[in-house]
Every structure is written in structure tokens, then in C-alpha cells.
Amino acid sequence: NLIKFNLIKFNLIKFNAKFKMYIFEFGFDVAEKLKKLEEKNGNFGVKKGEILLKKFPDGEFYARVIGNIENENCVVVKSIYNSDELVKTILILDAVKRSKAKSIMLVAPYLTYMRQDKIFLDGEALSAEVVLKNLKNYVDKIFLINSHIFRESGEKTCYGIKIYNVDAFSEIAKYFKNLKNPKIISPDEGASDMAKKCAKILKCESDYLIKKRDMVTGKIVTADKNLYVEGKDVLISDDIISSGGTMIEALKVIKKQNPASINLACVHGVFCDAENFLMLRILADEGVATNSIPNKVGNIDLSNLIAEELVKNLIKK
Ligand code: R5P
């Protein structure tokens with residue numbers, strides 16, 4: 001009888017530990033990946049949320065949750081890669097909040113406006129704080145991927161909001177697992193730790209370049225440095241390619257050193273300068289980004305990484 005009682009008790013605990021959540025996702029496949037993880041971890045009750053999104057003829061957005069999500073845990077997976085996507089996301093979050101969700105988690109693989117996280121010149125606006133404080137009105141926690149506001153992985157509170165930062169460099173390393181004689185180079189010292197992580201996974205060496213940017217003109221200059229890459233398959237990896245100026249400077253230094261191949265990878269491919277984008281595609285043997293921002297080379301899907309991090313964070317707690 002004691003064994004029977006304990007079995008019932010164990011099953012009740014297991015049942016109570018079930019985490020039920022609605023996933024509202026846009027351009028990702030996290031619910032599907034979570035269902036696959038359920039096979040290993042047991043059922044944690046993942047449901048796909050439904051939302052109606054519309055754009056009015058004048059360009060304004062409209063969002064409405066379909067179905068009852070009252071008192072449910074909700075996760076919104078949506079990249080916020082420009083001002084329009086920011087407004088769209090705020091409307092989605094507002095619709096979820098007004099539908100009386102129990103908790104709201106935002107997974108924003110890319111979050112725009114995070115690069116101005118400090119005041120450099122008198123009179124500037126602090127865009128990172130503006131955006132995060134706004135999102136704080138709706139969400140309990142934000143998951144970011146290689147966020148610019150802090151480089152380390154894990155949880156931190158920024159401007160009063162819990163941020164969980166996930167490093168996607170492991171996904172970049174996996175993508176390049178077939179490079180024969182790799183060496184990882186980061187285009188500046190700031191990204192050198194991430195290059196080291198990649199190098200550890202690919203069991204090779206890493207190094208970094210020294211980059212300087214003029215605060216007013218934005219012009220980038222990278223100093224010459226012997227990186228000992230002759231005959232190597234170089235992978236230049238960075239957290240973000242925006243104008244592409246940093247990568248072009250790095251390519252110029254590395255090309256002179258006769259590597260076997262030059263491959264480029266970044267987590268966030270903004271590619272806001274079309275001419276530079278074309279030049280990078282011509283100069284490099286391969287260039288790839290994750291799908292944190294929709295673009296022609298966003299071939300590394302982050303859905304699985306996001307699903308794994310959600311399991312670590314929410315379900316196993
Ligand atoms: C700098 O801190 C970042 O890691 C990137 O290197 C930088 O933002 C890339 O910008 P761009 O492509 O405009 O040179």
C-alpha cells in the first residue's frame with residue numbers, strides 16, 4: 001500500500017510539473033522542435049497559438065488573438081528587425097496581454113535598436129533603454145540571441161527587465177563542421193570570445209583583428225596583422241554584419257595572407273548596404289547568417305536552439 005501511495009504521489013507531482021504553454025511564432029518552427037524534445041523529456045503541453053495579423057491600406061497593423069488563452073503561459077517568438085516589426089510585436093504582445101495570459105515571454109532572436117546602449121555624445125537618445133522599457137510593459141522576460149547589450153550568455157536584468165541571452169555561435173560552428181583546415185578569426189577584439197567558442201567546437205585555433213571606428217563619421221579601419229592563415233580555411237565570425245564595412249576590412253587583411261578559403265558567418269545579418277553585401281558575396285567563398293533576420297543567406301535556423309533554451313529555462317525549473 002505504501003508503494004501504491006508513493007506511486008500515486010509521484011504521478012501527481014509529475015502531472016503538476018507539466019508546463020503548459022502557447023507558442024505564438026512568426027517565421028520560426030519552435031513549437032515543432034519542442035514537440036520533438038517532448039519525446040525525450042515527456043509531455044510539457046505545447047500548443048500553437050493563433051493570431052490574426054493584418055495591415056491596413058495606410059500601412060497600420062492590426063493584431064487579434066484567436067481562441068481562449070486566459071490564464072495560460074504564452075511565448076511569442078518574433079524577430080524585431082526594424083521599426084515596423086517593433087510596432088507589430090507590441091500590438092501582438094498587447095493582444096496577448098489583453099486576452100489575460102498568465103505569463104508572457106518574448107523570444108526576439110534579433111532586437112532592433114540595441115546597439116545604442118550607451119551615450120557616446122552629449123544630447124543623444126538611449127535607444128536600447130527606450131525599446132526595452134516599452135517591452136517591459138507586456139512581458140515577464142525576454143530571450144535574445146547574441147544581444148548587443150551584454151555579451152555573456154545567461155540571465156541579467158537590464159533597465160528593470162529580465163533578459164536571457166543565448167549564444168548562437170555553436171550553431172555557426174555546426175554549420176562549418178566540414179571545413180578541412182579551419183582557423184576562426186574575429187574582425188575585432190569584442191567578438192574574440194565567441195570566435196574562441198567556435199574554435200573549441202571545431203577543434204582549431206582562433207585569433208582576432210584590431211578594428212577602430214570613427215565615432216562621428218562611422219568609418220572603420222582595420223590594422224594589418226599576421227594571422228598565420230596561409231593554406232587555412234578561414235572562418236571570419238561576428239555577432240552582426242550591418243553595413244558590412246567591418247567584414248570588408250577584415251577580408252582585405254586576410255586575403256593578402258593566402259588562405260585556402262575565406263568563409264564568413266554572423267548571427268545577425270542586417271546587410272543594410274546592398275553594394276557591400278554584393279562585394280562580400282564576391283570576395284568570400286561562402287557567407288552565411290542565422291535566420292534571426294530574413295535575408296538571402298539566413299540559412300542557419302535558430303528554432304532548435306530556441307526550443308532547447310526554453311526547455312532549460314521554463315520546463316526544467
Ligand atoms: C561591433 O561591435 C559588432 O560586433 C560588429 O562588428 C559591427 O556592428 C558590424 O557593423 P558593420 O557591418 O556596419 O561594420
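## The shell around the ligand

In this predicted model, the ligand is surrounded by 16 residues, of which Asp 238, Asp 239, Ser 242, Ser 243 and Thr 246 are the closest. Sorted by class, the shell around the ligand is made up of 7 charged, 6 polar and 3 nonpolar residues.

## Polar contacts and cover

Oxygen atoms of the ligand are approached by side chains of the protein, including those of Asp 238, Ser 243 and Lys 211. For Asp 238, a polar side-chain atom lies 2.6 Å from an oxygen atom of the ligand, and for Ser 243 an N or O atom of the side chain is likewise 2.6 Å from a ligand oxygen. In the case of Lys 211, the distance between a side-chain N or O atom and an oxygen atom of the ligand is 3.1 Å. On its own the ligand has 380 Å² of accessible area, and the protein covers 89% of this area.

## The pocket and its elements

The ligand takes up the space of the largest pocket. Two or more residues of the shell around the ligand come from each of strand S12 (211-213), strand S14 (233-241) and helix H7 (245-255), and S14 provides the largest share, with 4 residues.

## The hairpin of S3 and S4

Strand S3, which spans residues 50-55, runs antiparallel to strand S4, residues 61-66, and the two are joined by 6 bridges. Within this pairing, Leu 53 is placed opposite Ala 63 of S4. The hairpin has 5 residues between the strands, and in this hairpin Gly 59 adopts a positive phi near 95 degrees.

How values were computed. Residues are numbered from 1 along each chain as its sequence is written. This is a predicted model: local features need pLDDT of at least 70, side-chain atom pairs count only at pLDDT 80 or more; totals for chains, interfaces and linings use all residues. Side-chain values use heavy atoms; hydrogens and water are left out. A residue is near a molecule or strand if one of its heavy atoms lies within 4 Å of it. A polar contact is a pair of N or O atoms within 3.5 Å; within protein, one must be able to donate a hydrogen and the other to accept it, and residues adjacent in sequence count only if both atoms are side-chain atoms. Accessible areas come from the Shrake-Rupley method with a 1.4 Å probe; for residues, only the protein chains shown count as cover. On a 1 Å grid over the protein atoms alone, a cavity is a set of points where a 1.4 Å probe fits but cannot get out, and a pocket is an open set with protein on both sides within 12 Å along at least five of seven lines; lining residues have an atom within 4 Å of a point. A molecule sits in a cavity or pocket if more than half of its atoms lie within 2 Å of its grid points. Ala, Val, Leu, Ile, Met, Phe, Trp, Tyr, Cys and Pro count as nonpolar, Asp, Glu, Lys and Arg as charged, and the others, Gly among them, as polar. Two strands pair if DSSP finds at least two bridges between them.
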